[in-house]
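Here is a short report on one protein chain. Please look at the sequence and the model first.

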Amino acid sequence: MANETKGKVALVDLDLQFGDIGVLLNLDHSQGITDLIENIDHMGPGVHPGNHGGWALRIKVLLAPISPELADLVTVDHVRRIFGELRKMSTTSSSTAAPTWARSTSRCSITPTRVVVTSLSIPAIKNTKLALKIFDSLSISPDRVVLLLNKSDAHSEFNKESVEANLRFPIAGQIPNDPKLVINSINREIRL
């Protein structure tokens with residue numbers, strides 16, 4: 001997203017119990033969102049959401065808590081405040097969320113752009129359709145939703161066109177099914 005938009009992107013891992021963004025991006029996971037909420041009243045220069053990455057890279061990452069039991073410390077109000085700060089600093093904010101957290105955060109109109117990743121399976125398409133209906137019921141404009149198709153070239157009875165027809169929503173991008181490339185990229189020793 002940072003490369004495509006040439007803007008600043010914030011990525012927040014809201015899978016609060018088992019978030020893997022830090023592992024997938026090979027980031028130091030000694031701090032997470034719960035460290036930020038301890039200082040939430042002092043957010044601003046020096047204490048701001050997403051201390052991983054750097055604006056030189058045009059991306060900031062805010063990781064899930066370092067331990068699953070800390071997930072309960074993060075409230076919807078905390079998430080609203082964090083995204084409010086991120087909106088001031090970035091052009092696009094994206095979040096990943098576990099299904100239970102997604103339900104509670106869907107009530108907050110906190111991200112300028114919502115990125116929804118789906119795949120070529122009936123459960124994924126069903127859940128995507130439900131997410132799009134929730135966004136519509138919350139008056140979140142379709143132009144604020146970006147739909148990506150993961151494993152788009154996997155052997156399946158479905159394809160991009162059939163998913164778009166079923167969802168009545170355009171797919172903005174496709175992520176190929178390349179397990180070897182994915183595993184190699186996860187296992188690389190490159191840090192943001």
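The text below covers the chain as a whole, then one sheet and its helix, then one pocket.

**Overall**

This is a predicted model. The protein chain holds eight helices and seven strands. It has 192 residues, of which 41% count as buried. Take the contacts between residues at least 6 apart in sequence: 74% of these join residues at least 24 apart.

**A three-stranded sheet**

One open sheet has three strands in the order E5-E6-E7, and the pairing is parallel. E5 and E7 are the edge strands, each pairing on one side only. Neighbouring strands of this sheet are turned by 25° against each other on average, with direction ignored. In general, strands of a sheet pair through backbone hydrogen bonds.

The pairing of E5 with E6 is parallel and runs over five bridges. Within it, Val116 stands opposite Leu147 of E6. Helix H6 packs on the sheet and touches both E5 and E6. The direction of H6 makes about 160° with that of E5.

Is E5 mostly covered or mostly open? E5 is mostly covered, with four of its five residues buried.

The residue ranges of the strands are listed here.

| Strand | Residues |
|---|---|
| E5 | 114-118 |
| E6 | 145-150 |
| E7 | 173-175 |

**The second largest pocket**

A probe the size of a water molecule, rolled over the atoms, shows where empty space is left. The second largest pocket has a volume of about 240 Å³.

Which residues line the second largest pocket? Its lining consists of Lys129, Leu132, Lys133, Phe135, Asp136, Ile140, Pro142, Val145, Asn166, Leu167, Arg168 and Phe169. By type, the lining divides into seven nonpolar, one polar and four charged residues. Among the charged ones are Lys129 and Asp136.

Two helices, H6 (122-137) and H7 (160-167), each supply at least two residues of this lining. H6 gives the most, with five residues.

**Linking the two parts**

H6 appears in both parts of this report. The helix packs on the sheet through E5 and E6, and H6 also gives the most to the lining of the second largest pocket. Strand E6 spans residues 145-150, and Val145 is one of the lining residues of that pocket.

Methods: Residues are numbered from 1 along each chain as its sequence is written. This is a predicted model: local features need pLDDT of at least 70, side-chain atom pairs count only at pLDDT 80 or more; totals for chains, interfaces and linings use all residues. Side-chain values use heavy atoms; hydrogens and water are left out. On a 1 Å grid over the protein atoms alone, a cavity is a set of points where a 1.4 Å probe fits but cannot get out, and a pocket is an open set with protein on both sides within 12 Å along at least five of seven lines; lining residues have an atom within 4 Å of a point. Grid points are joined across faces, edges and corners, and a volume is the space filled by probe spheres set on the points. Ala, Val, Leu, Ile, Met, Phe, Trp, Tyr, Cys and Pro count as nonpolar, Asp, Glu, Lys and Arg as charged, and the others, Gly among them, as polar. Two strands pair if DSSP finds at least two bridges between them. Axes are lines fitted to C-alpha atoms, for helices over the stretch in contact, and angles run from 0 to 180 degrees between N-to-C directions. Contact means heavy atoms within 4.5 Å. Buried means under 20% relative accessible area, exposed over 50%, partly exposed in between (1.4 Å probe, protein chains only).
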